[in-house]
Amino acid sequence: MRIDTVLVKVASRCNINCTYCYVYNMGDDGWQDMPALISRETITALADAIKEFASQQDQLFATVLHGGEPLMMGARRLEFLLTALRDSLPARYPISMQTNGMLLTPEIADLCSRFKVSVSVSLDGPKPVNDRFRLGKKGESTHDSVVAGINVLRSHSDSEFLYAGLLSVIDPVCDPKAVYEYFKELGAPSIDFLYRDGNHSNMPYGKESFESSEYGDWLSCLLDVYLADPNPPRVRFLDDIIKLSLGGHGIKEGLGDAEYGIAIVETDGTISKNDTLKSSFNGADKFTEAWSVKASKLADVFGSVEFKMYHDLQRPTSATCKACPYLRVCGGGMPLHRWRSGAEYDNPSVYCNDQKALISKVASRLQNEGLKIDPRIAIQSA
Ligand code: SF4
């Protein structure tokens with residue numbers, strides 16, 4: 001089993017309360033059993049486990065600091081964590097952080113620069129877009145504090161490395177052009193757009209039915225804006241679809257047929273499945289084996305039958321997907337989007353028609369540019 005990413009939950013609590021958050025507001029309450037912050041003892045065990053694994057896997061892997069909100073750990077514990085991780089992982093191993101940006105200070109930016117940790121900030125768009133769902137604990141706006149955090153990164157002498165980009169959850173009722181242009185104003189070198197969590201038993205916000213394509217239409221408009229821009233930032237989701245349509249490979253799970261190995265380490269050191277599965281049902285991200293960085297060898301965990309079964313969940317099992325001409329590009333979507341009570345993950349993505357609309361649009365735009373679509377993809381261009 002090849003591992004691409006070890007995602008470490010360094011905090012199980014958050015300083016804000018986004019209404020769509022899969023960790024706290026989609027029915028799973030596992031976070032309540034976890035320590036609020038990763039302890040120094042767990043950090044030491046994690047660093048030892050990662051060091052040993054790095055000596056056993058030839059391929060580099062990324063370590064992502066995640067939460068909750070990772071910066072709730074504060075500067076001193078962050079320094080302890082980064083010292084331990086960098087003692088285990090040379091600089092060629094990427095370490096990054098996904099943060100809501102509100103606790104970013106010059107001191108934190110200095111630490112990240114010193115330990116070569118790039119920072120991606122979550123923001124959904126201009127203030128009215130962001131503040132529809134990304135709210136403080138009392139329902140207050142978060143936008144200005146997030147932008148202040150982004151400006152800490154932008155004004156740092158090492159900003160070109162530090163400021164990795166923005167992560168945005170799509171609101172299909174907002175204007176994609178306004179969001180794109182705003183992110184460019186903020187100097188984002190890279191933007192990643194995400195579908196909202198949801199499934200066949202719990203239709204995502206803004207999506208009327210399985211047959212509708214609100215998100216695909218939104219992304220198709222974004223594609224037009226993106227392709228018209230002579231100086232665009234990277235938009236990973238669109239780039240991956242373009243590359244896959246031309247016969248290449250994507251770089252992340254949820255699209256295409258690439259193998260993507262991801263393991264999660266909780267604040268108590270427990271190893272769990274991709275935490276986005278939490279939105280399917282309570283406990284969906286738990287293994288039956290009680291693995292922990294304190295007692296288990298990572299190579300043994302990743303080589304186990306149960307871990308392989310979890311990994312194989314990425315490949316769609318639905319007969320509809322297996323026969324679908326879009327499969328090589330779409331990949332059947334993320335497992336969490338395939339969930340239906342009763343049929344579990346044996347379904348096409350709830351975003352099936354969104355994917356088809358977008359992939360058709362990409363094919364059409366590429367063909368208009370005289371480019372040749374991968375002949376393995378028998379798709380209709382829009
Ligand atoms: S477009 Fe729909 S049916 Fe085709 S692979 Fe994707 S989710 Fe499956």
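What distance separates the centres of domain 1 and domain 2, taken over C-alpha atoms? In this predicted model, the two centres lie 22 Å apart.

## Domains

The domain assignment of the protein places residues 5-312 in domain 1 and residues 319-368 in domain 2. The two domains touch each other: 44 residues of domain 1 are in contact with 30 residues of domain 2.

## A pocket lined by both domains

The second largest pocket takes residues from both sides of this division, with at least three lining residues from each of domain 1 (5-312) and domain 2 (319-368). Its lining consists of Lys273, Leu277, Phe281, Ala284, Glu306, Met309, Tyr310, Leu313, Trp339, Glu344 and Tyr345.

## The largest cavity

The structure also holds 4 cavities of 30 Å³ or more. The largest cavity is lined by Thr320, Cys321, Cys324, Tyr326, Cys330, Gly332, Pro348, Ser349, Cys352, Gln355 and Lys356. Which helices each supply at least two residues of this lining? They are helix 12 (319-322) and helix 15 (352-368). Helix 15 provides the largest share of the lining, namely 3 residues.

The table sets out the volume of each space and the classes of its lining residues.

| Space | Volume | Nonpolar | Polar | Charged |
|---|---|---|---|---|
| Second largest pocket | about 200 Å³ | 8 residues | no residues | 3 residues |
| Largest cavity | about 110 Å³ | 6 residues | 4 residues | 1 residue |

The lining of the second largest pocket thus has no polar residues, whereas the lining of the largest cavity has 4.

## Two packed helices

Two packed helices are described by the angle between their axes and the distance between the axes. Helix 2 (residues 74-88) and helix 3 (residues 106-114) pack with their axes 10 Å apart and at an angle of about 5°. Because angles under 35 degrees count as roughly parallel, helix 2 is described as roughly parallel to helix 3.

Which residues form this contact? From helix 2 come Ala75, Arg76, Leu78, Glu79 and Leu82, and these meet Glu107, Ile108, Leu111 and Arg114 of helix 3. By class, the contact has 5 nonpolar and 4 charged residues, and no polar ones.

## Two details of the backbone

Most residues other than glycine have a negative phi, and most peptide bonds are trans. Two places in the model may be read against this background.

Gly67 and Gly68 are joined by a cis peptide bond, with omega at about 15°. Gly68 is located in the loop between strand 2 (62-66) and helix 2.

Where is Lys116 placed? Lys116 belongs to the loop between helix 3 and strand 4 (117-122). The phi of Lys116 is near 55°, which is a positive value in a residue other than glycine.

How values were computed. Residues are numbered from 1 along each chain as its sequence is written. This is a predicted model: local features need pLDDT of at least 70, side-chain atom pairs count only at pLDDT 80 or more; totals for chains, interfaces and linings use all residues. Side-chain values use heavy atoms; hydrogens and water are left out. On a 1 Å grid over the protein atoms alone, a cavity is a set of points where a 1.4 Å probe fits but cannot get out, and a pocket is an open set with protein on both sides within 12 Å along at least five of seven lines; lining residues have an atom within 4 Å of a point. Grid points are joined across faces, edges and corners, and a volume is the space filled by probe spheres set on the points. Ala, Val, Leu, Ile, Met, Phe, Trp, Tyr, Cys and Pro count as nonpolar, Asp, Glu, Lys and Arg as charged, and the others, Gly among them, as polar. Domain bounds come from an automatic or database domain assignment. Helices (H or I, at least four residues) and strands (E, at least two) are DSSP runs, numbered from the N terminus. Axes are lines fitted to C-alpha atoms, for helices over the stretch in contact, and angles run from 0 to 180 degrees between N-to-C directions. Angles under 35 degrees count as roughly parallel, over 145 as roughly antiparallel, 65 to 115 as roughly perpendicular and the rest as oblique. Contact means heavy atoms within 4.5 Å.
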